[in-house]
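Let's take a friendly walk through the helices and cores of this model. Have the viewer open as you read.

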Amino acid sequence: MRELQNKTGFGFLRLPEDEKKGTLKWEEIDRLVDAYMSRGGIWFDTCYTYMDGMSEEAARRCVVERKDRDSFKLIEKLPGYLCHSHGDCYKYFQEEQKRCGTEYFDVFMLHWLNQEHYDIAQRYDQFGFLQEIKEAGLAGRIGFSYHDSAALLDQILTEHPEVDVVLLQINYLDWESAGIESRKCYDIAVGHGKSVFAMEPVRGGTLAKLPAEAEKVLKDRHPDWTPADWALRFVQSLPGVELCLSGMNRMEQIEANQKPFPLMREGDFAVLDDVCEILRGETDIPCTGCRYCTAYCPQGIAIPDYFRMYNELQRWPDEGWKIRPVLRQFCEHHPKPSACTGCKSCEAHCPQHIAISEWIGKVQDI
């Protein structure tokens with residue numbers, strides 16, 4: 001079986017935190033960065049809003065200040081939805097340069113385009129801004145990350161053929177999803193001749209820890225492949241995908257994700273169809289833990305944490321004696337699901353289009 005060049009990029013979204021100090025575990029991140037680069041990795045991905053700005057600080061402290069600039073590539077994203085003028089694009093860009101400690105970015109994107117954010121981008125000529133910084137040598141390539149319908153993506157790429165890269169949510173569980181339209185978005189981006197970067201290949205960890213029934217299906221096909229191997233192999237086997245971004249916060253993840261991946265065969269894809277059927281039956285809430293919803297919740301409810309525990313209880317009911325005490329402890333230190341007012345601000349910003357206000361009511365009952 002022919003080997004693939006490893007396409008894994010290091011996403012700085014879920015870095016190890018020191019919760020007592022309210023900061024990151026800097027030395028641990030240094031070790032992860034060193035291990036990733038020693039295995040041939042060069043891509044690092046950050047964003048203005050990731051981890052309340054600590055992600056960019058980590059990019060500066062653990063990568064930019066420790067490595068030769070020619071030895072790595074850095075991806076950054078503009079929070080265009082926070083801009084109120086064309087000039088604001090430069091304000092945020094300059095702040096990102098300072099936070100990351102670098103004058104230029106190898107890839108610079110508009111963050112999180114959907115219909116609402118695209119309207120803002122059009123209003124303030126944010127695509128024009130992308131071209132301006134590229135022409136000034138401040139960005140090697142330009143593009144955007146995307147969470148919306150395939151039809152809107154086709155419209156954006158038709159209206160803005162100047163972009164080089166599109167960052168899409170791609171994994172085998174969402175490949176045929178009616179809400180995410182992963183395959184359709186991939187086909188459109190490739191059809192427009194764009195390089196595709198993939199995010200959420202393991203779907204926030206969901207595809208790394210599968211129900212026993214689903215894991216058995218995979219083991220019967222390839223006993224030596226882990227569930228995470230399957231998820232990463234799927235994405236990296238897609239010919240249009242240049243880069244597969246994975247949030248990594250443990251050394252074993254670096255070691256597993258940086259090994260060469262063989263191309264999947266036709267029979268492998270059929271096996272994943274069977275796994276998807278099992279997962280759709282056992283995972284009630286399709287939350288990836290991106291935490292976009294929490295930034296817009298006026299009550300400060302830790303929605304992804306509650307959904308994760310709810311899904312675990314539904315998936316492994318015999319483990320309830322372990323999970324419920326954790327849930328009760330969590331409720332003692334965070335706003336409870338019952339604090340939800342039903343304003344639905346969270347739903348307007350959920351990339352997975354989850355009916356959060358409905359599900360949060362069910363979480364109250366567990």
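What follows covers the nonpolar cores and then two helices.

Keep in mind that this is a predicted model. Its largest nonpolar core holds 95 residues, and among these Phe144 and Ile170 touch the most other members. Helix H1 (residues 26-38) supplies the largest share of this core, seven residues. A second, separate core has 23 residues, including Ile301, Met309, Leu313 and Ile354. In general, nonpolar side chains tend to be buried together in soluble globular proteins.

Ile170 is worth a click. Leaving aside neighbours within four places in sequence, Ile170 is in contact with a set of residues including Trp175, Tyr186, Met199, Phe234 and Leu238. Polar residues Ser182 and Glu200 are also among the contacts of Ile170.

Now for the helices, with their buried residues side by side.

| Helix | Buried residues | Arc of buried residues |
|---|---|---|
| H13 (residues 320-333) | Gly320, Ile323, Leu327, Phe330, Cys331 | 100° |
| H14 (residues 356-363) | Ile356, Trp359, Ile360, Val363 | 105° |

Why do the buried residues of H13 line one face of the helix? Seen down the axis of H13, they fall within an arc of 100°, so they line one face. On the other side of H13, Trp321, Arg328, Glu332 and His333 are exposed. The length of H13 agrees with expectation too, because 14 residues at 1.5 Å a residue should span 20 Å, and the end C-alpha atoms are 20 Å apart.

Helix H12 (303-315) is part of what covers the buried residues of H13. The buried residues of H14 pack against H12 as well.

Technical notes. Residues are numbered from 1 along each chain as its sequence is written. This is a predicted model: local features need pLDDT of at least 70, side-chain atom pairs count only at pLDDT 80 or more; totals for chains, interfaces and linings use all residues. Side-chain values use heavy atoms; hydrogens and water are left out. Helices (H or I, at least four residues) and strands (E, at least two) are DSSP runs, numbered from the N terminus. The expected span of a helix is 1.5 Å times one less than its number of residues. Buried means under 20% relative accessible area, exposed over 50%, partly exposed in between (1.4 Å probe, protein chains only). The arc is that of the directions from the helix axis to the C-beta atoms. Contact means heavy atoms within 4.5 Å. A nonpolar core is a set of buried Ala, Val, Leu, Ile, Met, Phe, Trp, Tyr and Cys residues joined through side-chain atoms within 4.5 Å.
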